[in-house]
Structure formats: C-alpha cells, structure tokens
Amino acid sequence: MTNSKQSRRNFLKQSVVAAAGVGSIATVISCQTASNKTATIRKPIVISTWDFGVAANAAAWEILKKEGRALDAVEKGVQVAEADLSNPTVGKGGYPDRDGHVSLDACIMDEQGNCGSVAALENIASPIAVARLVMEKTPHVMLVGEGAKQFAIEQGFKEENLLIESSEKAWKEWLKEKNYKPMINIENKAFATEKLPGNQYNHDTIGMLALDANGNLSGACTTSGMAFKMRGRVGDSPIIGAGLYVDNEIGGATSTGVGEEVIRTVGSFLVVELMRQGLSPEEACKEAVLRIVKKKPDIAKDIQVGFLALNKQGEYGSYALQDGFTFAICDKDKQDLIEKGKFHYKRKEG
C-alpha cells in the first residue's frame, strides 16, 4: 500500500510539473505571437472620409508625427474641414436648413471611451471643439441647440453668422423648387470645376480615425448635416455608436452619407463589434452596409452610405452602398493618399 501511495504521489507530481511546463510553453508562444503582432502594427496612421480628408489628415499628421495623442490629432484635423468656406457640407461653409439656418453637429471619442457631442448648434463655427469640451468639462455626453450654444459661449467661443454668401445663394436657388432629394457623392462633386446647381441636396460630414505612436485610438466626426433639412433635424454624425465609435481594444469606425439609415443600424458600433468577432475592417464595413440593404432595400438603391474603419493593428478598410465613396490615408510613408472604397451598387455618374 505504501509503495502504491508513493507511486501515485510521484505520478501526480510529474503530471503537475508537466502541466506547468505546457503552460510555460504556451505563455512563451503567446508572448512571441503578441510580440510579432506588435511589430507589424502600422502606426501612427490617420484616415478620413472623402477627398477633402487629405488636407485634414495633413493637420492631424503634424501632431501624430511628433508622437502626439490621437485625440488631439483628430480634433485638429477635422477643424480644417470646418474652417474651409468652400466646403458646403461641413462647418461655417455648410448649406443651411430649409429656413436658412446653418446648424452644426459633431462628436469626438478617445481611447478611454470618453466622448462628447453637440447637435443642432448654431452660430458657433467649430462644433468639434465644443464637443471635446462637453466630454472634458461636463458630466454629459451630448448638448443640443440653445443649450449647446450657451455652453460654448460660456467656454469662450464667439457667436457669428455661419450663413456665408455662397451658401445663402444656393439656399435661395433651392427655394424656387424645394426639391429635397439626395445627390449621391455630392461631397466630392462639390469640389469639381463646375458649380453645383443651387437646388441640389447634400448630406455630409468628415469622419476621422487615428492610431497614435502609443497605440491608442481616437475619432472625430463633424458636419453641417443635410442641406435644406427640416430645422432641428439631426443625423448620425453627432451620435456615438452611429456616426462614430471607438473601442481601444479593437478599433474605430465612422460613417458618411444619409444618417437616418446609419442610425437605424447603429452602424459604427456594429462595424467595431464585427471587427471584435474577427472580421477585417473592410469585411466589417461591408456587413454593416448589407444590413442597410436588407432593412431598406428600396431606399438603399437611391442613397449613399459609407463606412470607414481602422483596427488596432493600423489596418483600414471601407465599404459603401454606391460607387464613388473615397477616403484619405496618411502615415509615415504617404501623406496624401486617396483610395476608392468598395461598394454594393454600381451607378453611372450623371
């Protein structure tokens, strides 16, 4: 019995040692895998929607190349678009609502899950800066309308008339027919040589995602919303989880296009969760687009929605309902790269 018990003890001891050895090997392999993965991370990098993202990325890169924080980079980057008076879809140069009021929406989110947002903000030129202060100086996530303006003024922002001459002219031209129909990819057409007719409807934003040298993600999204919209209309751009979402363990996503359809699918949150399940940024964006097609097949054929995503490894991808969506990329190798996103529907440009 004694020999039998001793043999059993020896067997159990050897088993424990063997198991510990396997665990140690597994730990080493895991560390090596993690190390190899870290070595291939593409950082810093910043991406943003549409061709006008090139100039915005350049401003963000000035911060990222100095190992600055992604949050500072995305705020500084999208402010370029907000200040561009030739851009009719973002900031002070944006087209007004059907009553002639320019109202702005924006949100921002950092690597810790902190976020801030403003919606239907009037007479304040940089909504993204106000959104950041909502995040940092209030217990809230979103302020809207008069309350958002009051907060901005209390923080030192100056009131100003946001309806510039060219936007007012386009609005008065639109009033002749009041045609409220989306024009797909107007974000890029707005910068074409020929001026857009005043009766055209536009609907967009700049969304930006950045991964900094420390491996942290942040995102920002800002817009003047749909031109000639009903007063008080708010789309996806200032809504965390719709127009923008960042999870520092996984990645970030932003959207562009007709916000109502993005809100219905909580689009940017969906893209990030799909990446969590193992999909690549492009695959996740595609699945989010297909959800819109499935829910609203008739509407989906005639509108544009695009998603743009960046994961923790610095890999990016996009997918849109319609042909024509573009996005800009900036890293240490290339500062002015524009790529055309993949798409579900092929359309003839007219």
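The following exercises, each with a worked solution, concern a predicted model.

**Exercise 1. Helix α10**

Task: Determine how the reach of helix α10 compares with the expected value, and state which of its residues are buried and what covers them.

Solution. Begin with the extent of the element. Helix α10 spans residues 281-295 and contains 15 residues. From the first C-alpha of α10 to the last, the reach is 22 Å, which is close to the 21 Å expected at 1.5 Å a residue.

Next, list the buried positions. In α10 these are P281, A284, C285, A288, V289, I292 and V293.

Finally, identify the cover. The elements lying over the buried residues of α10 include the helices α8 (259-265), α9 (267-276) and α11 (297-300). The strands β9 (305-311), β10 (316-322) and β13 (342-345) are also among them.

**Exercise 2. Aromatic pairs around F228**

Task: Classify the geometry of the ring pairs Y95 and F228 and W174 and F228, and locate the partners in the chain.

Solution. A search of the whole structure returns six aromatic pairs. For Y95 and F228, the ring centres are 5.7 Å apart and the planes meet at 15°; since planes under 30 degrees apart count as stacked, this pair is stacked.

Now place the two residues. Y95 belongs to the loop between α3 (70-83) and β2 (103-109), while F228 belongs to the loop between β6 (217-226) and β7 (244-247), so their pairing ties together parts 133 residues apart in sequence. Y95 has 13% relative accessibility and therefore counts as buried, the limit being under 20%. F228 is buried as well, with a relative accessible area of 0%.

Turn to the other partner of F228. W174 and F228 form a stacked pair, with 4.8 Å from centre to centre and 15° between the planes. Because W174 lies in helix α6 (residues 165-174) and F228 in the loop between β6 and β7, this pair ties together parts 54 residues apart in sequence. W174, at 2% relative accessibility, is buried.

Ring pairs also occur elsewhere: they link W50, Y316, F325 and F327 into a cluster.

**Exercise 3. Strand β11 and its partners**

Task: Establish how far strand β11 is enclosed, and describe its pairing with β1 and β12.

Solution. First, count the buried residues. Six of the six residues of β11 (residues 326-331) are buried, so the strand is largely enclosed by the rest of the structure. Both faces are covered: T326, A328 and C330 are buried on one side, and F327, I329 and D331 on the other.

Second, examine the pairing. Strand β1 (residues 45-49) runs antiparallel to β11, with five bridges between them; in this pairing S48 stands opposite A328. Strand β12 (residues 337-340) is likewise antiparallel to β11, joined to β11 by four bridges, and F327 faces E339 of β12. The connection from β11 to β12 is a hairpin of five residues.

**Exercise 4. The surroundings of D331**

Task: Decide whether D331 is buried or exposed, and name the residues that D331 touches.

Solution. D331 is located in strand β11. Its relative accessible area is 3%, so D331 is buried. Leaving aside residues up to four places away in sequence, D331 touches R42, P44, I45 and W61. The C-alpha atoms of D331 and L211 are separated by 9.9 Å, although these positions lie 120 residues apart along the chain as a separation in sequence.

Terms used
Residues numbered from 1 in each chain as written. Predicted model: local features only at pLDDT ≥ 70, side-chain atom pairs only at ≥ 80, totals over all residues. Heavy atoms only, no water. Helix = DSSP H or I, 4+ residues; strand = E, 2+ residues; numbered from the N terminus. Expected span 1.5 Å × (residues − 1). Buried < 20%, exposed > 50% of the residue type's maximum accessible area, 1.4 Å probe, protein only. Contact = heavy atoms within 4.5 Å. Phe/Tyr/Trp six-rings, centres within 6.5 Å; stacked < 30°, edge-to-face > 60°. Pairing = 2+ DSSP bridges.
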